Amino acid sequence: MRLHPAPTPLLLLTALAACATPAPPPPADPPAPQAEAEPGDPAVVPQPPADPAPPPAPDPLDTVQAGAFDNGKMWTFDAPPTEYLESTYGFSPDDDWYARARLGALRIPGCSASLVSPRGLVLTNHHCARDFVTQVSDEDENLLDDGFYAAALEEEREVEDFRADQLIEILDITDEVRDAVDAVTDAQARSALRDSLTDAAASRIREERGGEEAGIHVEIVSLYNGGLYSAYVFRRYGHARLVMAPELQIGYFGGDPDNFTYPRYSLDFAFLRLYGDDGEPLETGDHFVWSRSGTTAGDLVFVLGNPGSTSRLQTVAELEYRRDVEMPALLGFLASRIEAIQGYLDGRRDEPGIDEIRNSVFSLLNAQKAYTGMLGGLRDPYIIARRDAAERGFREALAADSALAAEHLPLFDQMAELQARKAAVAAEVHAFAVLGNPNFESTPILRTLATFRYRNAQQQGVSEEELEGLLDGLKAVANRPRELDEALLRARMRGLVEALGADDSSVRTLLGGRSVEVAAAALMETSVMADSAKAVDAVTGGTPDAAADPAFAFVEGLLSRYGPFRGVMSSVGPEEEAIAARLGRARFELDGTRIPPDATFSLRIADGVVSGYPYNGTAAPAHTTFYGLYDRHYSNPGAEEWALPPRWINPSAEFDLSTPLNFVSTADVIGGNSGSPLVNRDLEVVGLLFDGNIQSLPGDYIYLPDLNRSVAVDVRGILEALEEIYGAARIVEELTGGRSR
């Protein structure tokens, strides 16, 4: 799996904006010639007996009880869980321990990372650095498939559009935000005021600490749906170079079939280095030490990272809407775009620019598998019953507090009514899923939407500077291969037909009585919006009026049906937010920080124990080894997912196949945790998080540690590969400080 933040929102609440999607991994080359395996080699290191299987779900379901940690263990550094750690593990970290943990961790775009040397060396996942690998490849190179290692400092390659955030301070600003917001009753006005106040607070705090010139970045983080507001002050680093990344085939070994599974055999790691403005490696006193011994089953570990988002505080009514409407719509979108892009990729593996398109389909495949697992959890009666039990307990606690009861108990019914309003436009939810996404929408639609923005701004008399910015947005929609663009356009049109019906008046108008194939081909053939230069000329007046273009007619028809739907969703959103905020406040008043808040792509600390688990009638071991890697390769001849890169086929005699490669723990993680370091009590790096097992996928809305496991690369496996496969002695020396392994 690729633990990136989940795509939010599913739907754009404005047709003229784009939503974010996650970014995952890839397949590879045909298998290289096979070497002879050593007979009788074990596939895994022997482990203690696995934990006993959890008891079957109680029957009837109304006897199900909520668990103490159903809301998870993603603890904040605002309120570190010292008492809990002491009572659970007999471990009581002090303020210095938390400070060192916080300063050694980093957040990079979409992922987590960590500092692992005094010279700015950064450890993260291969899939988090994959775009950088593609970016630094020269025309005659394919570093994504061949791997990269800078044998000397001067060979490290500079990456663009990089940032790494180090959390240096946390300030509680709850009172200055909440008191003002509480005085406003209208939901939309409250939301607007809150945004204004938090923006102002972030600007003030940033300037007090030297501003952007000093590398300061401030974010206001809302916890418990507004129960707390914290200003997170970051030191932002903007210069980095790629140091090392293995071949894609070894970084994503097992491909999509192994994604979200365990046992695993993946070396999903990469190294970058932070540089200062002077072009020299950054001196980083705050960094983690590389562990000498790794972990054994039963060890306490901590994941230090930035989980993207969870929904563990949502009501059952919200989860039921997601189960019945939102998730199926998203999965329909993903399936159609995967089909379109994979159809284009067939037979085009070596064409220029193909790696970016490969990356996009890897992202979609990862999301598809993740959301399939999440939907499966929502359809599990036991899980819904357990969430319902937790909600009943919350209601009972509210009812017992007269100050909270009258105001908050009606909110559950109000939230359910809002979900019913959204469910009434379920067909439109499917039809307009992820409308306007820049990665997966055809360019004629994207350019037409950008043109509408530009024309609307002209009519409103905005400044020339703003107009120029909007025009730049249109210019930024680059040309795509014609066949791929047409496939994406067909996918959008076919989605409208499937969701609204072929006889729907809007669909008939949009297609003009033609089939999807004919309508899409005609638009691509005749629209100036299918070409970047022609589109810009049309919008700026260099060619006949763009309004007469068939893409304009199609998008105008699209938006005429989208408008009423957008009205429903736009009105519901602020009301949902207001109810969630009030319930979050009430929960915080009852429980304080005893229960962690939902994830917000901000730094958290998650405790766990290294532990195997029962699965498929047998036991998944706590650790796997390189023996298992080669077993997967030779047991799947001809399958590219398990094909080893050439340099791995005949390793040297010094290569120790018994070295631990991956391991699992009970640590609570979610999208955004990719690249998080796993550390021990001494803050030594023992692992690198890259995945979760299938049983972890319902973790968006409930944490069930019986079978939920996070999957990490073992630091011993990384060192063994660096030294014996890649000859990367320079990195080994830097990581170990010359210590004997």
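This report describes the overall form of a predicted model of a protein chain and then its salt bridges.

## Overall form

The protein chain contains 25 helices and 21 strands. Along its principal axes, the C-alpha trace spans about 70 × 70 × 60 Å. For 741 residues, a compact globule would be expected to have a radius of gyration near 27 Å, and the 26 Å of the protein chain agrees with this.

The contacts within the chain can be described by separation in sequence. Among contacts in the protein chain with a separation of 6 or more, 79% join residues 24 or more positions apart.

## Surface and charge

Of the 741 residues in the protein chain, 55% are buried. The area that the protein chain exposes is about 29,300 Å², and carbon and sulfur atoms supply 49% of that area.

The protein chain carries 63 positive and 114 negative side chains. The centres of these two sets lie 3 Å apart. Side chains of opposite charge can pair when their charged atoms come close. In this structure, there are 41 salt bridges.

## A bridge between two helices

One of the salt bridges joins the side chains of R421 and E575, with a distance of 3.4 Å from N to O. This pair links distant parts of the chain, for its members are 154 residues apart. R421 belongs to helix α13 (residues 410-423), whereas E575 belongs to helix α21 (residues 550-591).

How accessible are the two partners? R421 has a relative accessibility of 35% and counts as partly exposed. E575 is also partly exposed, with a relative accessible area of 33%.

## A bridge within helix α17

A salt bridge also forms between the side chains of E486 and R490, at 3.5 Å from N to O. Both residues lie in helix α17 (residues 482-500). Because E486 and R490 are four residues apart in this helix, about one helical turn separates them.

Are E486 and R490 buried or partly exposed? The limit for a buried residue is a relative accessible area under 20%. E486, at 15% relative accessibility, therefore counts as buried. R490, at 24%, counts as partly exposed.

## Another residue of helix α17

E483 is found in helix α17 as well. This residue has a relative accessibility of 45% and counts as partly exposed.

Which residues does E483 contact, apart from its neighbours within four places in sequence? They are Y344 and R348. P614, by comparison, is 131 residues from E483 along the chain, and the C-alpha atoms of E483 and P614 are separated by 47 Å.

## A network of salt bridges

Some residues take part in a linked set of salt bridges. Which residues form this network? It links E169, E176, R204, E208 and R209.

Within this group, R209 forms a salt bridge with E208, and their closest N and O atoms are 3.3 Å apart. R209 counts as partly exposed, with 27% relative accessibility. E208 has a relative accessible area of 54% and is exposed. The limit for an exposed residue is a relative accessible area over 50%, so E208 falls in the exposed class and R209 does not.

Definitions and conventions. Residues numbered from 1 in each chain as written. Predicted model: local features only at pLDDT ≥ 70, side-chain atom pairs only at ≥ 80, totals over all residues. Heavy atoms only, no water. Salt bridge = Lys/Arg side-chain N within 4 Å of Asp/Glu carboxyl O. Buried < 20%, exposed > 50% of the residue type's maximum accessible area, 1.4 Å probe, protein only. Contact = heavy atoms within 4.5 Å. Rg over C-alpha atoms; globule rule 2.2 N^0.38 Å. Areas by Shrake-Rupley, 256 points an atom, 1.4 Å probe, with all protein chains shown as cover. Lys, Arg positive; Asp, Glu negative; His and termini not counted. Charge placed at Lys NZ, Arg CZ, Asp CG, Glu CD.
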